[in-house]
Amino acid sequence: MKQLFTIIFCSLIAIGAQAKEVKGLNFPEELKVGTTTLKLNGIGIRTAMSILSVYVGGLYVATPSTDPKVIVEATTPKRIDMRFLMSVGMDKLKEAWNEGFFKNADKGYVYREDLNKFFGLLRGMKSKDRIQLTFLADKLEVQINEEPVQTVAGADFTKTMLKLYIMNLSDTGLKNGLLGLKKN
């Protein structure tokens with residue numbers, strides 16, 4: 001009986017340590033950013049016109065929370081891992097990020113130079129492309145596929161970019177998924 005309990009217990013631990021799968025994409029339960037272990041807070045699907053699945057995104061944080069303010073104000077690193085399911089042109093990406101910035105930037109924050117630098121790091125995305133955004137206290141690290149990591153400096157820019165995904169977002173399915181409020 002003791003052995004059976006041990007086998008079941010170990011099996012449950014192994015199941016919990018596995019990656020979560022959404023739309024055939026695996027998101028690990030944990031990952032490291034520097035020396036910080038981040039946990040998968042939630043997974044959401046970005047949709048267009050309410051029917052097209054554009055990308056699947058996973059939000060990683062040091063301490064999971066369903067409260068976007070707690071996540072934004074945390075001083076620990078955070079990461080959003082976006083995996084594209086369809087091609088999206090650069091014009092559409094710029095349009096979505098511009099709209100998000102207008103909705104989430106604090107009054108008086110002038111971000112055009114930061115946002116333009118961010119856009120300069122990007123290109124149109126194809127199906128199976130991946131963007132990882134790592135939010136640090138004073139900069140945003142951007143990695144596309146396996147290319148070298150690029151940075152955009154600025155605490156205000158970084159905070160606004162994170163808010164774009166979990167605060168005032170028109171795609172509530174993505175927002176609620178990233179916050180762990182919706183299971184995919």
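**Reasoning through a predicted model**

Trainee: How do you know that the span of helix α5 agrees with its twelve residues?

Mentor: Set the expected span against the model, which is a predicted one. Helix α5 covers residues 155-166, and at 1.5 Å a residue it should span 16 Å. The C-alpha atoms at its ends are 17 Å apart, so the two values agree.

Trainee: What makes α5 count as mostly covered?

Mentor: Nine of the twelve residues in α5 are buried, among them Phe157, Met161, Lys163 and Tyr165. Take Phe157 as a worked case: buried means under 20% relative accessible area, and Phe157 has 0%, so it counts as buried.

Trainee: Why is the pair of Phe118 and Phe157 called tilted?

Mentor: Rings pair if their centres lie within 6.5 Å, and planes that are neither under 30 degrees nor over 60 degrees apart count as tilted. Phe118 and Phe157 are 6.1 Å apart, centre to centre, with 55 degrees between the planes, so both tests lead to a tilted pair. Phe118 lies in helix α4 (residues 112-121) and Phe157 in α5, so the pair ties together parts 39 residues apart in sequence. Phe118 is buried too, at 0%. Ring pairs link these two with Trp97, Phe101 and Phe119 into a cluster.

Trainee: How many aromatic pairs are there by this rule?

Mentor: The count comes to five. One of them is Tyr55 with Phe84, which is tilted at 5.2 Å centre to centre and 50 degrees between the planes. Tyr55 is in strand β5 and Phe84 in strand β6 (residues 78-84), so this pair ties together parts 29 residues apart in sequence. At 8%, Tyr55 counts as buried, and Phe84 does as well, at 3%.

Trainee: Why is the contact between Lys163 and Asp106 called a salt bridge?

Mentor: The rule asks for a side-chain nitrogen of Lys or Arg within 4 Å of a carboxyl oxygen of Asp or Glu. For Lys163 and Asp106 the N to O distance is 2.9 Å, which is within 4 Å, so the name fits. The pair links distant parts of the chain: Lys163 sits in helix α5, and Asp106 in the loop between α3 and α4, 57 residues apart.

Trainee: Are Lys163 and Asp106 buried or exposed, and how do you know?

Mentor: Lys163 has 11% relative accessibility, so it counts as buried. Asp106 has 45%, so it is partly exposed.

Trainee: What makes Glu99 and Lys103 lie about one turn of the helix apart?

Mentor: Both are in helix α3 (residues 90-104), with their positions four residues apart in the count. Their side chains meet in a salt bridge at 3.2 Å, N to O. Glu99, at 39%, is partly exposed, and Lys103, at 38%, counts as partly exposed.

Trainee: How do you know whether Met49 is buried or exposed?

Mentor: Exposed means over 50%, and Met49 has 67%, so it is exposed. Met49 lies in the loop between β4 and β5. With Ile51 and Leu52, it makes a nonpolar surface patch of about 350 Å².

Trainee: What makes the phi of Lys128 worth pointing out?

Mentor: Its phi is near 80 degrees, a positive value in a residue other than glycine. Lys128 is in the loop between α4 and β7, and at 75% relative accessibility it counts as exposed.

Key:
Residues are numbered from 1 along each chain as its sequence is written. This is a predicted model: local features need pLDDT of at least 70, side-chain atom pairs count only at pLDDT 80 or more; totals for chains, interfaces and linings use all residues. Side-chain values use heavy atoms; hydrogens and water are left out. Patches are made of residues with over 30% relative accessible area and no salt bridge: like charges are joined within 9 Å, nonpolar side chains (Val, Leu, Ile, Met, Phe, Trp, Tyr) within 5 Å. Accessible areas come from the Shrake-Rupley method with a 1.4 Å probe; for residues, only the protein chains shown count as cover. Helices (H or I, at least four residues) and strands (E, at least two) are DSSP runs, numbered from the N terminus. Buried means under 20% relative accessible area, exposed over 50%, partly exposed in between (1.4 Å probe, protein chains only). The expected span of a helix is 1.5 Å times one less than its number of residues. Rings of Phe, Tyr and Trp (its six-membered ring) pair if their centres lie within 6.5 Å; planes under 30 degrees apart count as stacked, over 60 as edge-to-face and the rest as tilted.
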